[in-house]
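Got the model open in your viewer? Let's take a short walk through it, one selection at a time.

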Amino acid sequence: FVTMAAAELLGDSGLKDYARDRSLRLARQIDETGTFNEYNSPTYARVSLTSLTRYRMFVRDQETRGRMARIERRLWEHMAAHWDAARAQFAGPMSRCYSNDLGAPLWLEKSLDGRLALAQLSDRTGADAETAIHDYRCPQDLVDRFLTPRPGREHVELFTYERAGDARLPVQGTTWFDRDFSLGTVNRGDFWNQRRPLLAYYGDRSRPPRTVVMRVVKDGYDFSSALLFSVQKGPRVLGLVNFRNPGGDRHISLDPIQDGAFKCGRLFLELRVEGLEESYVLKEVQNGVVLASTHLSLGFKICRAVFGRHAPNLKVHKAPGNVTLTLDFKPQAKPDRVVWSEIKTAWAAFALELGGGGKLVELPAAEAALRDSSVEIEWGDLWMRGGAEVAAAAQQQETFSSRIGGQPVPIVRLSEASLA
């Protein structure tokens, strides 16, 4: 936008050609998958939408106006597909976000002509000055997707590709929308603190929201070297948490772990349920729980977990309104240094099922088996395999595979229409 607007303002034909080429390359990149590499990001969807809106408002060049209008439409299709209208949140999974709560976004309210009834002018902040001057518009045929819940819907979407050697391995999300909850996972993800590879919302449009979130935490901060591989069908998820080396500590690339060794007081997997009412019921079984509440039911099981010679067990922590399930890979009582070459094998296999309020799901009947250097997990129609050893990211990606009903999981594009 900046180069095209400057070219038109200054009458610079060379700069205009450059701007046209930039827009064409952007469209072609999106066409590779039909959607956006930085997928389902509430923060950066707004940033992208603002630039696309500026094209519509200020640019005169018809070639780029048409191309960017198509990209703007695609962004709205992407957002609408992930919108949980019953909770007024963007459902998981998310590539980047700064909060689990979308809050009361005036930019989205303006886009929908105030029909979302979520934000008021009194909710505005200094950051909302941008909203006042931009002509945000949701396409009319997509408006109802933001206003009317559509329970019993599953959305599957190819986001991007991981590259391992010459192979291009699909990164794809699955989101299940139910009456009382939404549940989203990505099949290939990590636990950088801006990721939400497994995220559920439940209940109503309350703020703060009721959520179920999975993290891997090292000494109080999300651990970027932890990976998630998963397969989801409806409200059921099979997952494997393992680790990459080389990898990052607090950031996937800006904070690398040196020589495969790092200080560590505690390292654990966490599944946190927030927003429970006082009357919820929790039943603990070995390495699993069953939870029932007014708004949600949940079954979670650690099928098996290994961290070097340590066999971690699931622990339950209760607090008013919250239940936190933790699995200590490296508990505090152990030495304060982790050396991946000494640990060698580190993983946790799990199964999760969500149900509506007033119902009761059973403990998932999932099983995990070690096959040489990989783990196979099975639960009904769901099956997946992933790496058991700490290894380079490319090796972990190549090892992963999944099936639903005995068949490879199909790759689903958001759109086949060309933007370029």
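Start by selecting Asn40, Ser41, Pro42, Ala45, His78, Met79 and Phe90, the residues that line the largest cavity. Keep in mind as you go that this is a predicted model. The space they enclose has a volume of about 40 Å³. With a cut-off of 30 Å³ or more, the count comes to one cavity. Colour the lining by residue class and you get four nonpolar residues, three polar and no charged. Which helices should you show as cartoon here, each supplying at least two residues of the lining? Helix 3 and helix 4 do that.

Keep those two helices on screen, and add Glu72 and Arg56 as sticks. They form a salt bridge, with the closest N and O atoms 2.8 Å apart. Glu72 sits in helix 4 (residues 62-82) and Arg56 in helix 3 (residues 42-58), so this pair ties together parts that are 16 residues apart in sequence. Is each partner buried or partly exposed? Glu72 has 7% relative accessibility, so it counts as buried. Arg56, at 23%, counts as partly exposed; the line between the two classes is drawn at 20%.

Next, pick Asp17, Arg20, Asp61, Glu63 and Arg67 together. These five are linked in a network of salt bridges, so switch on the side chains and trace how the charges connect.

Now jump along the chain to Arg236 and Glu353. Their side chains meet in a salt bridge, 3.3 Å from N to O. This pair links distant parts of the chain: Arg236 belongs to strand 11 (residues 236-243) and Glu353 to strand 20 (residues 346-356), 117 residues apart. Turn on a surface and check the two ends: Glu353 has 14% relative accessibility and counts as buried, whereas Arg236, at 32%, counts as partly exposed.

For the next stop, select Arg210 and Asp204. What joins their side chains? A salt bridge does, at 3.2 Å from N to O. Here the Arg is the buried partner, since Arg210 has 18% relative accessibility, under the 20% cut-off. Asp204 is partly exposed, with a relative accessible area of 38%.

Want to keep going on your own? The structure holds 32 salt bridges, and the pairs on this tour are among them.

Definitions and conventions:
Residues numbered from 1 in each chain as written. Predicted model: local features only at pLDDT ≥ 70, side-chain atom pairs only at ≥ 80, totals over all residues. Heavy atoms only, no water. Salt bridge = Lys/Arg side-chain N within 4 Å of Asp/Glu carboxyl O. Helix = DSSP H or I, 4+ residues; strand = E, 2+ residues; numbered from the N terminus. Buried < 20%, exposed > 50% of the residue type's maximum accessible area, 1.4 Å probe, protein only. 1 Å grid on protein atoms, 1.4 Å probe; cavity = no way out; pocket = protein on both sides within 12 Å on 5 of 7 lines; lining within 4 Å. Points joined across faces, edges and corners; volume = space filled by probe spheres on them. Nonpolar A, V, L, I, M, F, W, Y, C, P; charged D, E, K, R; others polar.
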